Amino acid sequence: MTLYIWKIIELPFISLSDLIYKLSFELNLFSPKDAKEFIKKALHNGFLIINNDNKLSLSDALNLELKNWHRKRRVEILKKVNNSMSIAQNIDAFKKNSSSKFNILLKAFLDSGTINRAVLVSDSAISINIFDPYGKIIKAEVKGSQKTPYIIEISSEEKVLKHDCNDFLTKRAQNKKFCKHLAKLFLLLKEKDEKGATIFLENITNDINKWDFVI
């Protein structure tokens, strides 16, 4: 709790009266009486120390833990910034290359905003088990919010596209549109084999009225 509070106040030192005020009236964690008791226990347990100028600071052990936390947070923030930049670049690249055969075909299956949601899906969330453009079959799994992964099965021979996420079930399947998982799958397939991914999209497009989008 002491470390949690120090993460919030972000001060190396603080006077006793200022800490009581912050705990009681800014953070609303304790009454002034309980705040004094909390500080007393923190000092007794060695979580806080009193410096020569009578100001309070974290113990060396907790201060080291706080620095490690800040270091990890910087790494996490940097990853998020880089990921956001990558997402923006992917969306921009998809829009700029709108004349490519793959992109034209894929866009036919996307509602507004689907591509933006698709690129937010982590690459690692999708496991491609089978991708055989010439055997005309794709099988993949998607890690979602449920314990059991979603399935994706596409057969050009049977003209069946199976998927079981809720968005596909309730909104996309009846209109023969792709959800974010299907869009992301084809973006990944494009990286592996753009020609093969395009073949699948062509097969679906050419006989769309004969295809069944099911769960």
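This report walks through a predicted model, starting with its sheet and moving on to its cores, aromatic rings and first helix.

## The five-stranded sheet

A good place to begin is the open sheet, whose five strands follow the order β3-β4-β5-β6-β7 with mixed pairing. At its edges stand β3 and β7; each has a single partner strand, so one side of each is left without a neighbour in the sheet. On average, and ignoring direction, neighbouring strands here are turned by 10° against each other.

Let us follow the pairings across the sheet. Six bridges hold β3 and β4 together in the antiparallel sense, and among the residues involved is D132, whose bridge partner in β4 is I137. Further along, β5 (residues 150–155) and β6 (residues 160–163) are also antiparallel, with four bridges between them. The hairpin they form has four residues between the strands, and K159 takes a positive phi there, near 55°. Then the direction changes: β6 and β7 (residues 212–214) run parallel and are joined by three bridges.

One residue lets you trace a path over three strands. L161 in β6 is the bridge partner of I154, and L161 also has F213 as its bridge partner in β7.

## A helix across the strands

Now look for α8, which covers residues 180–206. This helix lies across β3, β4, β5, β6 and β7, and its direction makes an angle of about 15° with β3.

## Two nonpolar cores

In soluble globular proteins, nonpolar side chains tend to be buried together. The largest nonpolar core in this model has 35 residues, and I154, L161, F178, F186 and F213 have the most contacts inside it. Elements giving two or more residues to this core are α5, α6, β3, β4, β5 and α8. The largest share comes from α8, with 11 residues.

I154 is a handy residue to click on. Leaving aside residues up to four places away in sequence, I154 touches K136, I137, I138, V160, L161, F186, F200, I204 and W211. A second core, separate from the one around I154, has 17 residues, including L23, A35, I39 and L66.

## Aromatic rings

Seven aromatic pairs turn up in a search of the whole structure. One of them joins Y21 and F25, with 5.3 Å from centre to centre and 45° between the planes, a tilted arrangement. Both belong to helix α2 (residues 16–26), where being four residues apart separates them by about one helical turn. Y21 is partly exposed, at a relative accessible area of 46%.

F30 and F38 make another pair: their ring centres are 5.0 Å apart and their planes meet at 25°, so this pair is stacked. F38 counts as buried because its relative accessibility is 18%, below the 20% cut-off. Elsewhere, ring pairs link F109, F168, F178, F186 and F213 into a cluster. You have met F178, F186 and F213 already, among the residues with the most contacts inside the largest core.

## The first helix

Finally, turn to α1, which spans residues 2–9 and has T2, L3, I5, W6 and I9 buried. Viewed down the helix axis, the buried residues of α1 fall within an arc of 160°, so they line one face of the helix. An α-helix has 3.6 residues a turn, so residues three or four places apart point the same way. After α1 comes E10, which has a positive phi near 50°.

How values were computed:
Residues numbered from 1 in each chain as written. Predicted model: local features only at pLDDT ≥ 70, side-chain atom pairs only at ≥ 80, totals over all residues. Heavy atoms only, no water. Pairing = 2+ DSSP bridges. Core = buried A, V, L, I, M, F, W, Y, C linked by side-chain atoms within 4.5 Å. Buried < 20%, exposed > 50% of the residue type's maximum accessible area, 1.4 Å probe, protein only. Contact = heavy atoms within 4.5 Å. Axes fitted to C-alpha atoms, helices over the stretch in contact; angles between N-to-C directions. Phe/Tyr/Trp six-rings, centres within 6.5 Å; stacked < 30°, edge-to-face > 60°. Arc of directions from axis to C-beta.
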